[in-house]
Amino acid sequence: MEQCSICSALQELQREQELLTCQHTQFRFIKRLKDYDCIPFTLSTANRRFHAFHKGKPTPFFSLQSIDEETGCVVLTLLEPLDMEGNHAFLADQFFTLRKTDSCVTIVPCCFCSIEALPLECVGRPLPIREQKG
Amino acid sequence: MTSIVFIESVQFGAAKDALEASKQLGYTPILLTEKRSIAIHALEWGSTDLIYHIDLTETRIRDVLDHLRKEGHHLQAVISFVDPYVSLAARLSNEYCQTDLSADALGYMENKIHTRHALASLGVNPIFSDITEELQPAVSFPAVIKSSFSKGSRDVYYVRTAEELATARYKLTSRHKDTVILLEAYMEGSQYIVEVVVRDNLPHIVAVAEQDVTNEGKFIVTGYSIGNILTKKEYDELLKVVGKIVGSLHITNAAFHLEMRLTSQGWKLIELNPRMAGFTMNQMIDKAYGINLAKETVRFYAGQAPNLTNSKERAVYTYCMTTELYGIFQGVSGIEESAAQPGVVSVELLVKAGDIVGPAMSMGQRYGYVMASGDSVELARERAMEAARLIVFYIEEI
């Protein structure tokens, strides 16, 4: 089966994501303040960004869970965008943090034409502290 | 073209209000500044027709003044509302614009040790000593240590032990070896800002504002109130003290402010500054008494009679917002709701998303304020605090 470019991009992303978590790649000199285990990204078709729904609310943010070698289908975990107060950020580009959810979606990568990764720090970033005045 | 030259300004406060005021009075404001942040945003400073971005040395300032005269500007006054240029501006104003400002007295006020010595006989000083030389000062703890040119509480520390004194002293001298250091006995009591305008030797108290001072090693003002705060007796005594200070320093024509404490031994002088107070003071006096003091000061320094008659009498309270957290400021909510509360005059945020914030160690680390008015200080304060409770800061700790 001929591989589309998004299929190979997702395989590459999977390799990099494993590097983040794999025990064998514990660096000797690279120290990190925080461990990350997933790479957040968005997928787009020719004319729009792909959204999936978690508890009825849309999100364009995903992380890769698994790739089925046989069928080429990919399972994505939905990441929910939250604003500073921890509410769902309906304006997805104005999110403060991305929270992992237990919702998944299976896709056929060949339907998409672009993928865009986000910084690792976006996932699980603690909400800012609310400090009331007066 | 009649112009007024201003030496240095600030992003927020009386020094900025004065630029706008000079325009209202029909003068062309010309600003000389050392701050790149002001020079590159020259368009936002729309009230200023000309901005010179120069090193503020006397020689450079004189060059610009000479240049302006050659260009045909008629200079009405040279004014500064920013330390340490106030007395220099007054001196140049007297020389270039034939004004009659008390430049020497203003110069005295710029140096805290000189002020203390000049007022030694009036009984308004705390016990103090110049500890630049002396190792065994005569002052007992708790005490206040400050550099002779401190401003905005930046170089002022409250010390309780010899160790704290040594630490504070190191902080003051580590950057500038030749700093003159003053150690003063700490005086218990409420603290007030007293705005004074002296014209032809006659002092006039424009406003008295009580300050809520938090003291955790540093003195930070977190609230200001104007209104019914002094009894008649306290006010009369204050007037007497101010009169004596004005006499001792031979102040003829000047606008300045004193920071006074009302202690069990009467009024004591904390600080004397040669300009009107910054931050929200101009706005507060305007809301309380209908006097735009920055404008009247410009009018006065430009040679006209200032209008210092109260057009109304209201109590005004300003609550200053600080934070207890260290981190990155991510945002705020409740500003609009807060501003819409009854009696609230103004709500300002002085920080933007992405800025690093922390507990206030200087007056510059107050990140906004809520100002409210009312028939009494108590009511104004209650309204300001009530409105402030609607405001929430979002801070990402680092």
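**View 1. B:Glu259 stands opposite B:Glu271 in strand β13 of chain B.** The model is a predicted one, in which local features need pLDDT of at least 70, side-chain atom pairs count only at pLDDT 80 or more, and totals for chains, interfaces and linings use all residues. Residues are numbered from 1 along each chain as its sequence is written, while chains are lettered from A and ligands numbered from 1 in the order in which they are written. Strand β12 (residues 254-263) of chain B runs antiparallel to β13(B), and seven bridges join the two; strands count as paired if DSSP finds at least two bridges between them. The connection from β12(B) to β13(B) is a hairpin of two residues. Six of the eight residues of β13(B) (residues 266-273) are buried, so this strand is largely enclosed by the rest of the structure. A residue is buried if 20 or more other C-beta atoms lie within 10 Å of its own, exposed if 12 or fewer, and partly exposed in between, with C-beta atoms placed from the backbone. Helices (H or I, at least four residues) and strands (E, at least two) are DSSP runs, numbered from the N terminus.

**View 2. Strand β8 of chain A pairs with strand β19 of chain B.** The pairing of β8(A) (residues 129-132) with β19(B) (residues 392-397) is antiparallel and extends over four bridges. Within β19(B), B:Tyr394 is the bridge partner of A:Arg130, and B:Phe393 is that of A:Glu131. An open, antiparallel sheet of four strands results in the order β8(A)-β19(B)-β15(B)-β17(B). Its edge strands, each paired on one side only, are β8 of chain A and β17 (356-357) of chain B.

**View 3. Chain A meets chain B through nine of its residues.** These residues are in contact with 16 residues of chain B, contact being defined by C-beta atoms, placed from the backbone, that lie within 7 Å. The side of chain A that touches chain B comprises four nonpolar, two polar and three charged residues. Ala, Val, Leu, Ile, Met, Phe, Trp, Tyr, Cys and Pro count as nonpolar, Asp, Glu, Lys and Arg as charged, and the others, Gly among them, as polar. Chain A contains one helix and eight strands, with the helix preceding the strands from the N terminus on. Of its 134 residues, 19% count as buried. The C-alpha atoms of chain A fill a box of roughly 65 × 45 × 25 Å along the principal axes.

**View 4. Helices α1 and α10 of chain B pack at an angle of about 60 degrees.** The axes of α1(B) (residues 14-24) and α10(B) (residues 293-301) are 8 Å apart. The two helices are therefore oblique to each other, and their crossing is right-handed. B:Ala14, B:Asp17, B:Ala18, B:Ala21, B:Ser22 and B:Gln24 of α1(B) make the contact with B:Ala294, B:Lys295, B:Thr297 and B:Val298 of α10(B). By class, the residues of this contact are five nonpolar, three polar and two charged. Axes are lines fitted to C-alpha atoms, for helices over the stretch in contact, and angles run from 0 to 180 degrees between N-to-C directions. Angles under 35 degrees count as roughly parallel, over 145 as roughly antiparallel, 65 to 115 as roughly perpendicular and the rest as oblique. A crossing is left-handed if the near helix is turned anticlockwise from the far one by less than a right angle, and right-handed if clockwise.

**View 5. B:Ala360 lies in the loop between β17 and β18 (368-374) of chain B.** B:Ala360 counts as buried, with 22 C-beta neighbours inside 10 Å. Not counting residues up to four places away in sequence, B:Ala360 touches B:Ile220, B:Thr322, B:Gln365 and B:Arg366.

Conventions
Contact = placed C-beta atoms within 7 Å.
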